[in-house]
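Me: I'm a first-year student and I'd like a close look at just one part of this protein. Could you take me through it slowly, and then show me what sits around it?

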Amino acid sequence: MRAFVFPGQGSQKVGMGVDLATASAAAREVFEEVNDALGQDLARIMAEGPEEALTLTENAQPAIMANAMAVVRVLGREFGVSLNEKGDFVAGHSLGEYTALCAARSFSVAETAKLLKLRGQAMQAAVPVGVGAMCALLGADIDKASELAAAAAEGQVCTVANDNDPTQVVLSGHAEAIDRAIALVKEFGIKRGVKLPVSAPFHCPLMGPAAEAMDAALAATPPAVPILPVFANVTAQPVADPGEIHRLLVEQVTGRVRWRESAIGMGAAGVTHFVELGGKVLAPMIKRSFPDAVVTSVVTMEDMDALASEL
């Protein structure tokens, strides 16, 4: 069994999508659909930067989706690789869950671009710049990270945002609490705490206003039944019911990304092969969570050619 997985924020870089757009009309088509949906030349920002513009949450989220969906479109159009024929599940990390749903045809590319633009804007607007922060804990499992978060909170928000793999957990919350957590890492047997260059504290209760915004947006653009079940971030369980997908996407804004549990859960469901489309971030996390997994990252035309010959 095979799962196709999609990366989240932080996987963006200036120049993304350029080679695909040069090589394939199918890729150019995706970038044009996103540009038209957003009324901006996002493809130019992806190609040329500046980096500050691409890193803005409201640009990074649809850009990462556009890049991954270009890979999906090229795989289908030029290499004859259909996700519903070759896959059993899809999943994505944070915003990547929207890409997974797009790949599974719950949303169109245009709908997904608009939802992610709004999601980025709503997340940015939920907390004033400087009030919140996030940090990655390296050499931390979920138990140590949870204990550290509880100790550092001191009445403020400090919670696990991403349980990425057995060695990496991300905390999110008030900036002062995150600073306290970084200062306390050694006391909890954690190797290192690194503040992340993000403009808002994602996946924590401070994102409540953004969750409300996404609830309204998803009511206006309801998901269709996906062609493959989607492993949801907040439950690490497969979901295919549109109402449940809506509810879980709203919960995801303030809830934990259970990526380690998702990798293990997909393995328990029979998945042996994981294919990351549009990035090279999730494959190593999956391998650390589920060592027996076969993982592949597909970004370039050469990667797609290799995948097509394997399938």
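My part is the second largest pocket: which elements each supply at least two residues of its lining?

Reply: Happy to. One thing to keep in mind as you turn it around on screen: this is a predicted model.

The elements you're after are helix H1 (18-23) and H5, each of which supplies at least two residues of the lining of the second largest pocket. Between the two, look at H1 first, since the largest share of that lining, three residues, comes from H1. The second largest pocket has a volume of about 300 Å³, and 17 residues line it. To find its middle, click on Lys-13, Met-16, Asn-67, Gly-278 and Val-299, the lining residues that lie nearest the centre. What kind of residues make up the lining? It's a mix: seven are nonpolar, seven are polar and three are charged.

Now let's follow H5, because it leads to other parts of the model. H5 covers residues 57-79, and Asn-67, one of the residues nearest the centre of your pocket, has a number inside that range. H5 also packs against helix H15 (residues 301-310), with an angle of about 55° and 11 Å between the axes. That angle makes H5 oblique to H15. The crossing of this pair is right-handed. On the H5 side of the contact you'll find Val-71, Val-74, Leu-75, Glu-78 and Phe-79. They meet Met-301, Met-304, Asp-305, Leu-307 and Ala-308 of H15. By class, this contact has eight nonpolar residues, two charged ones and no polar ones.

H5 takes you to the largest pocket as well. The space in that pocket is about 630 Å³. It has 29 lining residues, and those closest to its centre are Gln-9, Gly-10, Ser-11, Leu-196 and Val-198. H5 is among the elements that each give at least two residues to this lining, along with helix H8 (109-126), strands E3 (132-138), E4 (158-165) and E5 (168-174), and H14. The classes here come out as 13 nonpolar, 15 polar and one charged.

From the largest pocket, carry on along H14. This helix (residues 282-289) packs against helix H13 (residues 259-268) at about 65°, with the two axes 9 Å apart. At that angle, H13 is roughly perpendicular to H14. Their crossing is right-handed. In the contact, Trp-259, Arg-260, Ala-263 and Ile-264 of H13 meet Leu-282, Met-285, Ile-286 and Ser-289 of H14. Sorted by class, six of the residues in this contact are nonpolar, one is polar and one is charged.

For contrast, try another helix pair. Helix H7 (residues 96-103) and helix H12 (residues 242-254) have axes that come within 11 Å and cross at roughly 160°. An angle over 145° counts as roughly antiparallel, so H7 and H12 are roughly antiparallel to each other. H7 passes H12 in a left-handed crossing. Here Glu-97, Tyr-98 and Leu-101 in H7 meet Ile-245, Leu-249 and Gln-252 in H12. Four of the residues in this contact are nonpolar, one is polar and one is charged.

While you're exploring, stop at a couple of spots on the backbone. Most peptide bonds are trans, and most residues other than glycine have a negative phi. The bond from Gly-49 to Pro-50, though, is cis, with omega near 5°. You'll find Pro-50 in the loop between helix H3 (42-48) and helix H4 (51-55). Then there's Glu-154, a residue other than glycine with a positive phi, near 45°. Glu-154 is in the loop between helix H9 (142-153) and E4. And E4 brings you back to the largest pocket, as it supplies at least two residues of that lining.

Definitions and conventions
Residues are numbered from 1 along each chain as its sequence is written. This is a predicted model: local features need pLDDT of at least 70, side-chain atom pairs count only at pLDDT 80 or more; totals for chains, interfaces and linings use all residues. Side-chain values use heavy atoms; hydrogens and water are left out. Axes are lines fitted to C-alpha atoms, for helices over the stretch in contact, and angles run from 0 to 180 degrees between N-to-C directions. Helices (H or I, at least four residues) and strands (E, at least two) are DSSP runs, numbered from the N terminus. Angles under 35 degrees count as roughly parallel, over 145 as roughly antiparallel, 65 to 115 as roughly perpendicular and the rest as oblique. A crossing is left-handed if the near helix is turned anticlockwise from the far one by less than a right angle, and right-handed if clockwise. Contact means heavy atoms within 4.5 Å. Ala, Val, Leu, Ile, Met, Phe, Trp, Tyr, Cys and Pro count as nonpolar, Asp, Glu, Lys and Arg as charged, and the others, Gly among them, as polar. On a 1 Å grid over the protein atoms alone, a cavity is a set of points where a 1.4 Å probe fits but cannot get out, and a pocket is an open set with protein on both sides within 12 Å along at least five of seven lines; lining residues have an atom within 4 Å of a point. Grid points are joined across faces, edges and corners, and a volume is the space filled by probe spheres set on the points.
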